[in-house]
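Hello,

Here is the structure I promised to pass on, with my notes underneath. Have a look at it first, and then read on for what turned up.

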Number of protein chains: 2
Amino acid sequence: MSDTKQIMKHSKQRDAIFSFLMTRKDHPTAETIYTCLKEENPNLSLGTVYRNLTLLTDIGQIRRLRLSDGADHFDADTSPHDHFLCMRCNAVMDVHMNKPVRKTPYKIQDFSGEVEGSFTYYYGTCEHCLKEMCS
Amino acid sequence: MSDTKQIMKHSKQRDAIFSFLMTRKDHPTAETIYTCLKEENPNLSLGTVYRNLTLLTDIGQIRRLRLSDGADHFDADTSPHDHFLCMRCNAVMDVHMNKPVRKTPYKIQDFSGEVEGSFTYYYGTCEHCLKEMCS
DNA sequence: ATCAAAATCAGGAATGGTTACTATTTTATT
DNA sequence: AATAAAATAGTAACCATTCCTGATTTTGAT
């Protein structure tokens, strides 16, 4: 309707959040990101972290992972991949499966809707915990 | 350590919750279940609904679906199946895929942990919304 | 049927993750 | 430099869920 296009202005906080997220492969929560960045920038606000994580998710620059432990986790790797959740240590790990590449939207059997994509979570015991259980 | 085995006693509230959930295929939230059952039993407490849903989930009698809309959804169908989320009307639908049956735990390529299982969420536009978009 | 122990409950308070609000600061544009 | 829009810090509010307490229900044993 009306010209509601929103111009995204530069922000040091957002840069810091995204840069930090790119250095981590453990898919941290907003709280973790906030705690870590607060050390360098004591004025940082938790609300700013949440707002920017949502914003970055909306523009597709990061991915939000909704796991089973209450808080959302975030992933700077937006390439197609799935995740593995260790039931023992609660670690979240990347799983790059050789899924068939398909045009979207596509159809799936016995279902009449159009599929834009999917995300899969595997769960079990991670390599590290397997070793610990044997010792 | 100590003998902490917990005997599960019968409960009318739990029965009502499970029975109600079996009649629904739309994967309601705790709040929805509470509101519906409250009509017949005005004394019902929301905490009781939450406690029993968690309990039923723990013993594997129902499944908890953690979707992207804040509240958990519950499914009385524990047979292996996945779910489709309509991005337009937020409906949650069952998707029965012919996935390969595999013993668990199993291994997946390029990953050293042991997998107990997986759950997949598809997203897109449901049949009903597709029709609406054309009219 | 009576009784006691344990599980469950209702109701409400507390928790924890997240969002909303507001006055101020930063960013981008003229 | 002046201006407008976007972003921020700090805090309050929100909402789903869990926890707590004293009362009630269930169950098994007498």
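A cut-off to begin with: a residue counts as exposed when its relative accessible area is over 50%, and as buried when that area is under 20%. Please also keep in mind throughout that this is a predicted model.

With that cut-off, take Asn90(B). Its relative accessible area is 56%, so Asn90(B) is exposed. Asn90(B) sits in the loop that links β3 (82–86) to β4 in chain B. Its backbone caught my eye as well: the phi of Asn90(B) is near 65°, a positive value in a residue that is not glycine. Most residues other than glycine have a negative phi.

Chain A has a case of this kind too. Asp110(A) has a phi near 55°, again positive in a residue other than glycine. You will find Asp110(A) in the loop between β4 and β5 of chain A, and with a relative accessible area of 79% it is exposed.

The loop between β4 and β5 holds further details. Which peptide bond is cis in chain A? The one from Thr104(A) to Pro105(A), with omega near -5°. Pro105(A) belongs to the loop between β4 (92–95) and β5 (114–125) of chain A. In chain B, the bond from Thr104(B) to Pro105(B) is likewise cis, with omega near -5°, and Pro105(B) is in the loop between β4 (92–95) and β5 (114–125) of that chain. Most peptide bonds are trans.

Phe111(A) is another residue of the β4–β5 loop in chain A. Is Phe111(A) buried or exposed? Its relative accessible area is 12%, so Phe111(A) is buried. Leaving aside residues up to four places away in sequence, Phe111(A) touches Phe84(B), Met93(B), Asp94(B) and Val95(B).

That brings me to how the two chains are related. A rotation of 180°, with 0.0 Å of shift along its axis, superposes chain A on chain B with an RMSD of 0.1 Å. This is the relation of a two-fold axis. Which residue of chain A comes closest to the rotation axis? It is Thr120(A), whose C-alpha is 2.1 Å away. The copies meet through the same surface, because 100% of the interface residues of chain A are also interface residues in chain B.

Now for chain A as a whole. It contains 4 helices and 5 strands, arranged along the sequence as α-α-α-β-β-β-β-β-α. The radius of gyration of chain A is 18 Å, whereas a compact globule of 135 residues would have one near 14 Å. Its C-alpha trace spans about 50 × 45 × 25 Å along the principal axes.

Some totals for chain A may be handy too:

- 36% of its 135 residues count as buried.
- Of the contacts between residues at least 6 apart in sequence, 44% join residues at least 24 apart.
- The accessible surface of chain A is about 8600 Å², and 51% of that belongs to carbon and sulfur atoms.
- Chain A carries 17 positive and 18 negative charges, and the mean positions of the two sets are 4 Å apart.

If you open just one region, I would pick the β4–β5 loop of chain A, where Pro105(A), Asp110(A) and Phe111(A) are found.

Best wishes

How values were computed. Residues numbered from 1 in each chain as written. Chains lettered and ligands numbered in written order. Predicted model: local features only at pLDDT ≥ 70, side-chain atom pairs only at ≥ 80, totals over all residues. Heavy atoms only, no water. Helix = DSSP H or I, 4+ residues; strand = E, 2+ residues; numbered from the N terminus. Rg over C-alpha atoms; globule rule 2.2 N^0.38 Å. Buried < 20%, exposed > 50% of the residue type's maximum accessible area, 1.4 Å probe, protein only. Contact = heavy atoms within 4.5 Å. Areas by Shrake-Rupley, 256 points an atom, 1.4 Å probe, with all protein chains shown as cover. Lys, Arg positive; Asp, Glu negative; His and termini not counted. Charge placed at Lys NZ, Arg CZ, Asp CG, Glu CD. Least-squares fit on C-alpha atoms with pLDDT ≥ 70 in both.
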